[in-house]
Amino acid sequence: MKELFNKNILLGISGSIAAYKSLELIQQLKKKGAIVRVVMTKSAQAFVTPLSLKIISGHQVFIDSDFLYNKMIDHIKISKWPDIIVLAPATANLLAKLSSGITNDLLSAICLATSSPIAISPVMNKNMYLAPSTQDNLKKLNNRGVIFWGPDYGNQICGDKGFGRMIKISKLVKLITNYFKSGFNNVKNLKIMVTAGPTIELIDPVRFISNYSSGKMGFAIVKAAIDVGYQVTLISGPVKISTPDGIFKKINIKSAIEMKDAVMSLVKNQDIFICCAAITDYRLEKISRKKIKKQKNNKLCLKLVKNPDIISEVASLKKNRPYIVGFSADTEKIGKYAKEKRIKKNIDLICANDVSKPNQGFNSNYNALHLFWKTGSMMLSINNKLSLAKKLLHQIIIFYEKKS
Ligand code: PMT
């Protein structure tokens, strides 16, 4: 059976140059078996005609004039039809209306009336996207459970470069398909925070203490979660790999203290916290402001102090504690140490990796994980990190739903 067979998708198009892409979007969704109906704002009609959309979708296109003046359209009836409303492209103006509940056109009236999930693919100039009012609107909508797919980073029609491009149609179709396919659409709009990569602790302006984490495992989890349609916040140490498209928020940090501050400022708003970062356990008691010179006695003593244990701090939250997934990297007694850490740090699920083995763990494209939770354990055998991340995420969601 086709992946989107009989799924009712209401496509809301607003006034952006990217509106022409909706023709391809409809074609691809229909190919997968979806029934697509279209609502257009007045400004969208300046970029693509209702007739083209009617021909491609095979259905009457809902437009403002029929709603506002002729009263031929029942917006409540339409709002009850879709399995999902996809707003693509969605302008800053549409986001502002949705966030404040303005209903002076058909599309915003349907969105206010619906109890179906809404997914938004924003498109706008980078400065408009970063404007505090747009960011506030995004946050508000997110907190209400709206799903965001995009925007992408890249060249913009106006000549600027930055966030605001519409995500590729193939990617949007994949996200819509995954949303239905995974069955995760029952667990709507999960917010997931992932930490990834190493942290570094300065010794002096040119030297630091760190580890071999590349960020690949954490970023693979981020990609797997975005592909399902979750809202993902990434707190990343210094890595050399690119960030998956569709991230909700990313904070780059360097030290463990910076990672702790970033995590603690946002974690209370999360459903799931996945702490995959290899956080440096110790930092210099005092960072030298100048480059340390060679010592006359050939010895250099560095005084280290313990870093905060971030996952334990999250686990000890009395209110708004998310479901917590930790990782455990060891070179011996892998299972024993992982089980001990799970209990000591009060983690719901711990994923142990044997980092003594070649070709897996730190900086490899492959990994294997032994999962331990309160009442059981299971092995996820060696695989590339993205496939492994997908399996892991699937398990996490099962546990999260059961809160085991
Ligand atoms: O980044 P890659 O190259 O892809 O490699 C992936 C990985 C090997 C780094 C990853 O799979 C992994 O195992 N990450 C956790 C490594 C680690 O720090 O393990 P740990 O046993 O020291 O810590 C246990 C847990 O406590 C971890 O979830 C860790 O993030 C957390 N922790 C540790 C120290 C600290 N100060 N605060 C913490 O929250």
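**Exercise 1. Polar contacts of the ligand**

Task: In this predicted model, find which backbone and side-chain atoms lie close enough to an oxygen atom of the ligand to make a polar contact, taking 3.5 Å as the limit for a pair of N or O atoms.

Solution.
Step 1. Start with F327: a backbone N or O atom of this residue is 3.0 Å from a ligand oxygen atom, and the limit is 3.5 Å.
Step 2. Go on to K216, where a backbone N or O atom is 3.3 Å from an oxygen atom of the ligand.
Step 3. Add S213, which takes part through its side chain: a polar atom there lies 2.6 Å from a ligand oxygen atom.
Step 4. Consider the cover as a whole. On its own the ligand has 770 Å² of accessible area, and the protein covers 95% of that area.

**Exercise 2. The shell around the ligand**

Task: Describe the residues around the ligand by distance, by class and by secondary structure element, counting a residue if one of its heavy atoms lies within 4 Å.

Solution.
Step 1. The shell has 27 residues, and those that come nearest are S213, S214, K341, N353 and N363.
Step 2. Sorted by class, the shell holds 12 nonpolar, 9 polar and 6 charged residues.
Step 3. At least two shell residues come from each of α10 (216–228), α12 (310–315), β17 (323–330) and α13 (334–345).
Step 4. Which element supplies the largest share of the shell? Strand β17 does, with 4 residues.

**Exercise 3. The largest pocket**

Task: Identify the space that the ligand takes and describe its lining.

Solution.
Step 1. The ligand takes the space of the largest pocket.
Step 2. The volume of this pocket is about 1,000 Å³.
Step 3. Its lining consists of 43 residues; A277, I279, D281, F327 and K345 are the ones nearest the pocket centre. F327 also has the backbone atom placed 3.0 Å from a ligand oxygen atom.
Step 4. By class, 18 of the lining residues are nonpolar, 16 are polar and 9 are charged.
Step 5. At least two lining residues are supplied by each of α10, α12, β17, α13 and β18 (349–354).
Step 6. Helix α13 gives the most to this lining, with 5 residues, whereas β17 gives the largest share of the shell around the ligand.

**Exercise 4. Enclosed space**

Task: Count the cavities and characterise the largest one.

Solution.
Step 1. With a lower limit of 30 Å³, the structure has 2 cavities.
Step 2. The largest cavity contains about 50 Å³ of space.
Step 3. Its lining is made by N142, G145, V146, I147, F148, N189, L190, K191, G229, Y230 and Q231.
Step 4. In this lining, 5 residues are nonpolar, 5 are polar and 1 is charged.

**Exercise 5. Backbone geometry**

Task: Locate two cis peptide bonds and a non-glycine residue with positive phi.

Solution.
Step 1. Look at A88 and P89: the peptide bond from the former to the latter is cis, with omega near -5°. P89 belongs to strand β4, residues 84–90.
Step 2. Look next at G150 and P151, which are also joined by a cis peptide bond, with omega about 5°. Where does P151 lie? P151 is in the loop between β6 (147–148) and β7 (152–155).
Step 3. Finish with N298, which is not a glycine but has a positive phi of about 65°. The loop between β15 (282–284) and β16 (304–306) contains N298.

Key: Residues are numbered from 1 along each chain as its sequence is written. This is a predicted model: local features need pLDDT of at least 70, side-chain atom pairs count only at pLDDT 80 or more; totals for chains, interfaces and linings use all residues. Side-chain values use heavy atoms; hydrogens and water are left out. A residue is near a molecule or strand if one of its heavy atoms lies within 4 Å of it. A polar contact is a pair of N or O atoms within 3.5 Å; within protein, one must be able to donate a hydrogen and the other to accept it, and residues adjacent in sequence count only if both atoms are side-chain atoms. Accessible areas come from the Shrake-Rupley method with a 1.4 Å probe; for residues, only the protein chains shown count as cover. On a 1 Å grid over the protein atoms alone, a cavity is a set of points where a 1.4 Å probe fits but cannot get out, and a pocket is an open set with protein on both sides within 12 Å along at least five of seven lines; lining residues have an atom within 4 Å of a point. A molecule sits in a cavity or pocket if more than half of its atoms lie within 2 Å of its grid points. Ala, Val, Leu, Ile, Met, Phe, Trp, Tyr, Cys and Pro count as nonpolar, Asp, Glu, Lys and Arg as charged, and the others, Gly among them, as polar. Grid points are joined across faces, edges and corners, and a volume is the space filled by probe spheres set on the points.
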